[in-house]
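Open the model in your viewer and keep a selection box handy. We will go from the overall fold to single side chains, one stop at a time.

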Amino acid sequence: MRGSKRAMSQIISTVIIAGSLLIIAAIASWLSASMFEIQSQQAELERAEDAFNALATIIEECAAKPGSSAYVRFNPRTGGVEVLRDYASITITVGNYSTSYSISTDTDILAYRGGAFSTIPGLVIIRGDETVQRLESSWRNESLIVDVDDSDVPIAWVYEEHSGGAYVYLDCIRVKINDLGEITVNDIRYRVVEVLFIRLTYGEARGGEVVDVKVSGLNKTVNQYVFQGPSSVSIQVQVDLDDEIFQDSAEISLSGYGGCIVYLVVSTVRVDLL
């Protein structure tokens with residue numbers, strides 16, 4: 001009888017140990033699968049960042065050459081490419097002490113939605129002026145104008161931001177001021193500058209596991225404004241984004257000049273998801 005109890009005790013111990021090992025193995029397998037999924041989704045988001053960087057470059061190139069087009073391929077698994085239509089309304093005003101001219105238009109932006117396990121630390125400027133990151137919620141007020149002195153800063157920015165999940169964004173919600181030199185007319189020296197805005201507009205979308213984001217330069221509208229006198233010319237930009245107003249301004253110095261010629265250029269680029 002005593003031997004029977006000892007044998008039963010050994011069987012129960014074996015069953016408990018085997019059950020515990022099975023539970024541990026199941027938990028380890030689940031953790032391993034979860035870690036793999038987290039790493040996979042994070043890698044997918046990083047690939048989207050690289051793809052958006054390439055896309056930003058070709059958007060700028062197509063904006064400069066109406067009629068041109070190019071595409072970047074995405075292979076989304078848990079995330080996806082989105083076009084946020086009429087994301088912002090922008091008003092650009094050019095003027096001096098006596099005269100001003102304004103244009104207003106809406107623009108779209110691109111976004112890549114990360115998977116449920118993707119993580120980002122907050123606002124991270126990937127392509128653009130990284131110094132505005134420190135401004136956090138007010139960073140847009142310092143990102144609306146790329147001045148002449150910041151010629152290396154692009155007009156198409158790529159950044160990460162948390163918005164109900166991990167997102168990578170690509171937008172052109174700003175103007176870039178380019179110094180084109182000077183011209184002399186009737187013995188008057190004019191400073192010549194270009195104020196460039198790239199407007200993104202949605203085209204069409206098709207379903208599929210692979211997404212080719214195609215961008216095409218549609219047209220370029222050029223408005224010429226001539227300002228007389230040595231007074232500086234101001235560039236003002238106001239953006240309405242979800243009923244929140246952001247604004248920035250810059251001054252074009254005319255010291256040593258008799259006037260200024262401003263070319264306000266709006267390049268429209270179409271975005272298709274094919």
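Colour by secondary structure and walk from the N terminus: the elements run α-β-β-β-β-β-β-β-β-β-β-β-β-β. That comes to one helix and 13 strands, where helices (H or I, at least four residues) and strands (E, at least two) are DSSP runs numbered from the N terminus. A word on provenance: this is a predicted model, in which local features need pLDDT of at least 70 and side-chain atom pairs count only at pLDDT 80 or more, while totals for chains, interfaces and linings use all residues. Residues are numbered from 1 along each chain as its sequence is written, and side-chain values use heavy atoms, with hydrogens and water left out.

**The whole chain**

Zoom out and show the C-alpha trace. The C-alpha atoms fill a box of roughly 120 × 35 × 30 Å along the principal axes. The radius of gyration, taken over C-alpha atoms, is 28 Å, well over the 19 Å that the globule rule gives for 274 residues, so the protein is more spread out than a compact globule. That rule is 2.2 Å times the number of residues to the power 0.38.

Now colour by accessibility. Buried residues make up 41% of the 274 residues; buried means under 20% relative accessible area, exposed over 50%, and partly exposed in between, with a 1.4 Å probe and protein chains only. Contacts (heavy atoms within 4.5 Å) reach far along the sequence: among those between residues at least 6 apart, 75% join residues at least 24 apart.

**The nonpolar cores**

Select Val 94, Val 195, Val 233, Val 239 and Val 262. Of the 39 residues in the largest nonpolar core, these touch the most other members. Such a core is a set of buried Ala, Val, Leu, Ile, Met, Phe, Trp, Tyr and Cys residues joined through side-chain atoms within 4.5 Å. Strand 11 (residues 233–241) gives the most to this core, with five residues.

Stay on Val 195 and expand the selection to its contacts. Leaving out residues up to four places away in sequence, Val 195 touches Ile 92, Val 175, Lys 176, Ile 177, Ile 235, Val 262, Tyr 263, Leu 264 and Val 265. A second, separate core has 34 residues, including Phe 52, Ala 156, Ala 166 and Val 265.

**Aromatic rings**

How many aromatic pairs does a search of the whole structure find? It finds eight, with rings of Phe, Tyr and Trp (its six-membered ring) pairing if their centres lie within 6.5 Å; planes under 30 degrees apart count as stacked, over 60 as edge-to-face and the rest as tilted. Select Tyr 101 and Phe 227, an edge-to-face pair at 5.9 Å centre to centre with 65° between the planes. This pair links distant parts of the chain, with Tyr 101 in strand 3 (residues 100–113) and Phe 227 in strand 10 (residues 211–228), 126 residues apart. Tyr 101 is partly exposed at 33% relative accessibility, whereas Phe 227 is buried at 3%.

Next, select Trp 139, Trp 157, Tyr 159, Tyr 167 and Tyr 169, which form one aromatic cluster. Add Arg 174, which lies over the face of Trp 157 at 4.1 Å from the ring centre. For another example, go to Arg 189, whose charged end sits over the ring of Tyr 257, 4.6 Å from its centre. The test here is NZ of Lys or CZ of Arg within 6 Å of the ring centre and within 35 degrees of the ring normal.

**The cysteines**

Show the sulfur atoms of Cys 62 and Cys 172. Why is there no bond between them? The two sulfurs are 11 Å apart, too far for a bond, and the structure holds zero disulfides, a disulfide being a pair of cysteine sulfur atoms within 2.5 Å. Cys 62 is buried at 4% relative accessible area, and Cys 172 is buried at 1%.

**Strand 8 and two loops**

Centre on Leu 180 in strand 8 (residues 175–185). Leu 180 is partly exposed at 48% and touches Val 192, Val 193, Glu 194 and Tyr 263, not counting residues up to four places away in sequence.

Finish with two backbone angles. Asn 186, in the loop between strand 8 and strand 9 (188–205), has a positive phi of about 55° although it is not a glycine; its relative accessibility of 70% makes it exposed. Asp 242, in the loop between strand 11 and strand 12 (244–252), also has a positive phi of about 55° and is exposed at 66%.
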